[in-house]
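Dear colleague,

Please find below the structure that I am handing over to you. I would be grateful if you would read the notes that follow it alongside the coordinates.

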Amino acid sequence: MEKKELLDLIIIGGGPAGLTAGMYASRSKMNVLMLEKMMPGGNVSITAEVENYPGTPNITGPDLVDLMEKQAREFGLEIKSEEVLNIEPGAGTEGHHVKTDTNEYYAKSVLVVSGSSPRKIGCVGESEHLGRGVSYCATCDGAFFREKEIAVVGGGDSAVEEALYLTKFASKVTIIHRRDKLRATKVIQDKAFKHPKIDFIWDTVVEGIESEKMIVDNLKLKNVKTNEITNLKVQGIFVFVGYIPATSFVPGIVDKDQAGFIKTDMEMRTNLPGIFAAGDIIVKKQRQIITACGDAATAIKSIEFYNEWFYEDEQYI
Ligand code: NAP
């Protein structure tokens, strides 16, 4: 049987962590392949504006990740558009076996940087109205809501930043939050509180998304303190209530926390030799573009060290 090529590294995911890892690994002349099921960029490619990445003030998310991809490719990074289905661990032997929808690969190390996907509210009418007034992406869909009244659900950085962006199009943006305090960074909160187009509804959750003609026209809201039910007439609702880690292909024996985020040490090592993780997918407090990129740089340095001792020391961890 033909022996499969043993790569140094497979990077799974093409967001900022993946692109940074790809750039570092290619620059270190590793034999590396990135697998990304869609376009590189991850959630940043659907982020309207990034104002806290050093050296690039007020850049759009798509422009920032385009620059990252270009830089990584200039060092020779190969990116394939394939969906990873599973990883069979094989450290110390033939390497880890990565199966995709169209191919299979072997590598000494695997770096999981697959990020996360938007969490849904889970209320009545949410999935039925997807693309009919329900959206999880302001840059993709904001322009459809010119001069319309819309709602944004959530109280974190994503909700408040995207609400600010949506004021470019909508005539009014109502932020609906389940508590009476925002989680978002103070500077963003201040901008939202001062914005003439933004209103807030506190201590409230969305119980139902409704329409007469299958295009959202009403939200059924519940005040969690008083249980009072009210209606809010809007023509669109943008949901930013956090993200769920994308780990369906990660072996069950890789340690994760209760929410499914991968546990690593400070060197970005998981509990399985040769399997590393970085960026939004790992257990950590700060999920920022810059922390994802920092994790990725750390991971590549650990992977270089691990690969060098790959055959010599199977006990490594
Ligand atoms: P997040 O920080 O986890 O915030 C999620 C928000 O949704 C919270 O306010 C939460 O309420 C609310 N929520 C959660 N489940 C809900 C539900 N079922 N119904 C209603 N509300 C619900 O998520 P994020 O804003 O997407 O941010 C994710 C990470 O990326 C964070 O670490 C954030 O700092 C980072 N981020 C950074 C930037 C930036 O630096 N420019 C931009 C975007 C995101 P509670 O507050 O009550 O829990």
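The notes below take up the ligand site, a helix beside it, the cysteines, and several individual residues.

Please bear in mind throughout that this is a predicted model.

**The ligand and its surroundings**

The ligand is surrounded by 17 residues, and the closest are Asp157, Ser158, Arg179, Arg183 and Gln288. By character, the residues of this shell divide into three nonpolar, eight polar and six charged. Oxygen atoms of the ligand take part in polar contacts with several side chains. A polar side-chain atom of aspartate 157 lies 2.7 Å from a ligand oxygen. For arginine 179, an N or O atom of the side chain is 2.7 Å from an oxygen atom of the ligand. For arginine 178, the corresponding distance from a side-chain N or O atom to a ligand oxygen is 3.0 Å. The protein covers 79% of the 920 Å² of accessible area that the ligand has on its own.

**Helix H4**

Which helix gives the most to the shell around the ligand? It is helix H4, residues 157–166, which supplies three residues. Seven of the 10 residues of H4 are buried, so the helix is largely enclosed by the rest of the structure. The buried residues are Ala159, Val160, Glu162, Ala163, Leu164, Tyr165 and Leu166. Among the elements that cover them are the helices H3 (138–141) and H5 (186–194). The cover also includes the strands E11 (149–153), E12 (172–176), E13 (198–201) and E17 (236–239).

**The cysteines**

How many disulfides does the model contain? The count comes to one, and this disulfide joins cysteine 137 to cysteine 140, with an S to S distance of 2.0 Å. The link between cysteine 137 and cysteine 140 is right-handed, with 80° about the S-S bond. The two partners differ in their exposure class: cysteine 137 counts as buried because its relative accessibility is 7%, whereas cysteine 140, at 41%, counts as partly exposed.

Why is cysteine 123 without a bond to another cysteine? The closest cysteine sulfur to that of cysteine 123 belongs to cysteine 137, and at 19 Å it is too far for a bond. Cysteine 123 is itself buried, with a relative accessibility of 12%. The case of cysteine 293 can be put in the same terms: its closest cysteine sulfur is in cysteine 137, 20 Å away, and therefore too far for a bond. Cysteine 293 is buried, with a relative accessible area of 7%.

**Serine 135, beside the disulfide in sequence**

Serine 135 lies in strand E10, residues 134–135. Its relative accessibility of 2% places serine 135 among the buried residues. The side chain of serine 135 reaches the backbone nitrogen of cysteine 137 at 3.0 Å, and cysteine 137 is one of the two disulfide partners. Not counting residues up to four places away in sequence, serine 135 touches Asp141, Ile237, Phe238 and Val239.

**Aspartate 8**

A further contact from a side chain to a backbone nitrogen is found at aspartate 8, whose side chain reaches the backbone nitrogen of asparagine 31 at 2.7 Å. Aspartate 8 belongs to strand E1, residues 6–12. Is aspartate 8 buried or exposed? With a relative accessibility of 19%, aspartate 8 counts as buried, because the cut-off for that class is under 20%. Leaving aside neighbours within four places in sequence, aspartate 8 is in contact with Met30, Asn31, Ala107, Lys108, Ser109 and Asn307.

**Positive phi values**

Two residues other than glycine may deserve a look for their backbone geometry. Asparagine 58 has a positive phi, near 55°. Asparagine 58 sits in the loop between strand E3 (49–50) and strand E4 (59–60), and at 54% relative accessibility it counts as exposed. Methionine 268 has a positive phi as well, near 70°. Methionine 268 is located in the loop between strand E18 (243–245) and strand E19 (275–277). In contrast to the exposed asparagine 58, methionine 268 is buried, with a relative accessible area of 7%.

With kind regards

Note on methods:
Residues are numbered from 1 along each chain as its sequence is written. Side-chain values use heavy atoms; hydrogens and water are left out. Helices (H or I, at least four residues) and strands (E, at least two) are DSSP runs, numbered from the N terminus. Buried means under 20% relative accessible area, exposed over 50%, partly exposed in between (1.4 Å probe, protein chains only). A polar contact is a pair of N or O atoms within 3.5 Å; within protein, one must be able to donate a hydrogen and the other to accept it, and residues adjacent in sequence count only if both atoms are side-chain atoms. Contact means heavy atoms within 4.5 Å. A disulfide is a pair of cysteine sulfur atoms within 2.5 Å. A residue is near a molecule or strand if one of its heavy atoms lies within 4 Å of it. Accessible areas come from the Shrake-Rupley method with a 1.4 Å probe; for residues, only the protein chains shown count as cover. Ala, Val, Leu, Ile, Met, Phe, Trp, Tyr, Cys and Pro count as nonpolar, Asp, Glu, Lys and Arg as charged, and the others, Gly among them, as polar.
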